[in-house]
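Here is a short report to read with the sequence and the model side by side. Take a moment to find your bearings in the picture first.

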Amino acid sequence: MSDNDKSNFHDVPLDIARWGFPAQYDITLKKDSDDIFDDSRVIVNIGPTHPAMHGAFRCMAKLNGEIIEKSYSEFGYTHRAKEKLGENRTYHQFIVYTDRLNYCSSLINNVTYAMAVERLMGVEVPERAIWIRMMCAELSRVIDHLICVGISAVDLGAFSYFLYGFHQREKAYTLIEKVCGARLTTSYTRIGGLMADAPEGWENEVREWCKETREVIDEMDKLLTDNRIWLKRTKNVSVFNKEQCLRYSYTGPNARAAGVDIDLRRDQPSMFYDKIDFDVPVAQNGDVFDRYYVRMEEMKQSLNILTQCADRIKPGPIWSEDKRVRIPDKDVVYNTMEGLIHHFKFFMTGFNVPAGEAYTAFEAANGELGFYIVSKGGPAAHRMRIRGPSFWHYQGLDPMIKGGYIADLVAALGSINVIAGELDR
Amino acid sequence: MDVRTSIKTNWGNFSDKYGTAWEQLLTALSNDFTSSIEQILKPGTDAVDIPTIIVKKPIIIDFLRSTKDRYGYSFLSDMTAVDEEGDPRFFVVYHLMHLETKARVRIKTRVADGEKMPTAIPLWEGANWAEREIYDMFGIHFEGHPDLRRILMDQRWEGHPLRKDYPLRGYQIFLSPEPIDPELLS
Amino acid sequence: MSKDGSADFFTTKLENVVNWARKNSLYPLPFGTSCCGIELMATLASGYDMARFGAEVVRFSPRQSDLLVVAGIVNLKMAPILRNIYDQMADPKWVISMGACASSGGIFNVYSVTQGIDTVVPVDVYVPGCPPAPEGLLNGLLRLEDMIARGETHAHRRMKSPDGKTPPTPLPAVSSMDAHPRGSEQRKV
């Protein structure tokens with residue numbers, strides 16, 4: 001693209017498409033359409049809007065009978081330019097965009113992003129804020145896993161199983177609503193603190209919810225794990241072994257299902273994870289069943305972490321004392337001139353982040369979520385790279401399903417839990 | 001001492017956890033590739049969080065292979081590029097992780113606009129899509145890449161959105177769905 | 001109906017009856033692409049249960065559905081596909097645009113995002129929110145049902161117009177957000 005051409009983009013009227021689509025579309029095939037069906041191979045296109053694709057992406061598979069011979073994946077149907085926006089919005093404004101990465105567990109994204117900027121600035125967060133952040137992260141992890149195992153069971157025909165998880169998930173959303181007022185896109189963390197303190201008695205509700213959820217998970221376990229049909233559909237299906245996982249940079253539950261023992265909560269303890277007892281479930285086979293079961297076990301561990309956090313959380317401040325990032329209190333803003341100016345400057349121009357670069361990773365529900373922020377000073381990042389785990393997981397889908405049945409594609413896709421928001425960013 | 005290496009709310013104290021392992025790595029690597037290392041940035045003294053090595057482009061693959069096979073940094077955490085708007089224009093950035101100690105290292109190399117990068121697919125197959133994304137977003141070509149197409153944007157898209165000179169609202173409208181290429185399955 | 005069988009009164013009544021039947025038997029096609037898709041799922045599942053309002057049977061085939069619920073972002077790569085799906089649906093068909101991204105682009109006024117799906121398909125009901133709570137979507141559905149009962153939707157206008165096309169609504173071609181030159185977003189503070 002030369003500089004002269006740039007102006008062309010401005011001239012494109014946005015409503016060309018309004019009524020102007022032709023009735024018939026030319027889906028251009030480069031070869032003669034007869035050629036794709038040579039020697040009895042069939043090409044199956046799944047997506048971009050298919051109920052079994054969890055989000056908007058496409059998988060094209062060439063079949064010999066029912067066996068997948070070759071496949072390739074296309075995505076980008078929900079690309080929202082979050083990385084470009086990271087360069088054009090202030091650090092404070094970018095918090096809302098992090099919600100829309102992995103929208104099943106947006107609190108983890110919030111927490112990771114806040115940690116990334118705090119790391120770049122050298123801001124410390126008070127203890128209570130960290131405990132709340134940890135609880136939020138684990139709560140989201142449970143929600144994400146409930147959706148993942150529930151939906152992948154729906155894909156394979158076990159519908160009622162999904163409703164068990166969904167019920168518990170609605171209750172978890174009520175808990176999240178209590179701290180931040182939103183269900184899905186929470187925007188709960190701030191750089192150097194939290195939007196609001198958790199209400200009184202919230203940790204007791206979380207503790208109760210943990211107890212209930214533990215029972216529900218045990219129930220779900222009994223319902224599905226030993227089911228013969230489920231085992232037939234998942235055991236030794238779409239195997240992705242340890243070596244492949246490492247070559248394809250798999251992280252999170254998908255890698256742990258194949259025996260890659262990485263959990264950033266334990267290995268690079270951020271927040272207070274080093275003060276908490278928890279196990280990291282690791283399986284060996286790397287098939288659909290293991291990916292499912294690692295998630296089930298991880299939910300139990302998360303509930304365990306949640307209970308420990310609920311026991312140890314104490315009242316206290318939720319904001320860092322650092323004047324650069326502290327949003328002034330409302331009574332100061334309304335009653336003093338300095339407070340008003342501070343407030344105005346904070347929201348209109350943002351705060352400056354010292355030049356430097358940092359890669360901050362945290363164990364999100366799907367794997368390693370990383371923010372690589374390059375700052376050149378100033379209120380907006382020079383480069384905001386988001387390392388979404390789904391991007392790397394989806395890449396492994398093609399080798400994973402090769403040589404398997406077309407029906408197992410759905411199982412494989414459900415088990416690696418690709419989230420379009422994080423895949424396309 | 002840079003404050004960002006000693007924050008207890010994040011990753012713990014870097015030097016406590018990893019000891020001097022990364023210093024040994026940096027010494028060893030700079031002995032191996034004396035003339036090809038442009039710059040070494042160290043956490044604590046420079047404004048980086050993990051050891052950062054800027055190497056010259058021709059040896060980047062050898063350098064990565066050596067870091068991966070000889071020193072155990074065998075996990076490609078992330079691969080991306082940065083538009084520096086300078087000359088040479090881009091940085092290609094690799095984040096590697098050690099699988100046992102979980103220590104990280106960042107390797108960067110400069111690429112000019114229009115120059116080609118060697119592909120890292122022989123080392124990590126996962127680099128395939130990362131390189132496609134860099135090609136899509138920055139227009140950096142990768143030599144030896146088997147399938148260098150756009151990945152997020154439409155194949156008919158012009159320009160590379162994450163370059164600094166691409167407007168934030170540079171819409172391009174296509175009236176038909178993206179063409180399907182059956183060659184990809186043959 | 002009058003005793004001599006004159007049709008005037010009867011046809012009006014029939015239209016009402018047909019609209020009543022239509023509004024209570026909507027077959028939604030969930031076009032869920034991102035975050036709103038998750039809330040759409042919650043609306044369909046137990047707890048909120050969209051079936052209570054006559055939109056029970058979710059169809060994933062455009063041929064079998066008459067209510068397109070566009071839940072989530074539709075970017076420029078997806079827009080032709082959305083139009084394709086819309087064209088495949090049989091008339092009368094209705095469109096609910098769920099969430100800020102689908103309605104206006106929302107917080108994503110960027111190079112890859114359609115600034116509202118009304119640039120691609122005619123929309124009957126916009127549900128604001130990012131994402132809307134399930135209650136919001138249910139409210140939107142009830143509003144659509146009212147509109148169907150009164151015959152005020154795009155589909156009804158299409159049926160009444162001589163050439164079978166919806167008369168274009170007088171929407172501004174470019175929203176007021178775009179009044180300043182695009183691309184000058186770069187913050188220089």
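What follows looks at how two chains meet, and then at one helix.

This is a predicted model, in which local features need pLDDT of at least 70, side-chain atom pairs count only at pLDDT 80 or more, and totals for chains, interfaces and linings use all residues. Residues are numbered from 1 along each chain as its sequence is written, chains are lettered from A and ligands numbered from 1 in the order in which they are written, and side-chain values use heavy atoms, with hydrogens and water left out.

**Where the chains meet**

| Interface of chain A and chain B | Value |
|---|---|
| Residues of chain A in contact (heavy atoms within 4.5 Å) with chain B | 86 residues |
| Residues of chain B in contact with chain A | 73 residues |
| Salt bridges (side-chain nitrogen of Lys or Arg within 4 Å of a carboxyl oxygen of Asp or Glu) | ten salt bridges |

One salt bridge joins A:Glu357 to B:Lys108, with their closest N and O atoms 2.9 Å apart. On the side of chain A that touches chain B, strand 6 (residues 356–363; strands are DSSP runs of E, at least two residues, numbered from the N terminus) gives the most, with six residues.

**Helix 4 of chain B**

Helices are DSSP runs of H or I, at least four residues. How far apart are the end C-alpha atoms of helix 4 of chain B? They are 16 Å apart, which agrees with the 16 Å expected for twelve residues (127–138) at 1.5 Å a residue, the expected span being 1.5 Å times one less than the number of residues. Twelve of the twelve residues of this helix are buried, meaning under 20% relative accessible area with a 1.4 Å probe, protein chains only. Among them are B:Trp129, B:Glu131 and B:Arg132. Just after the helix, B:Gly139 takes a positive phi of about 75 degrees.

Terms used. Buried < 20%, exposed > 50% of the residue type's maximum accessible area, 1.4 Å probe, protein only.
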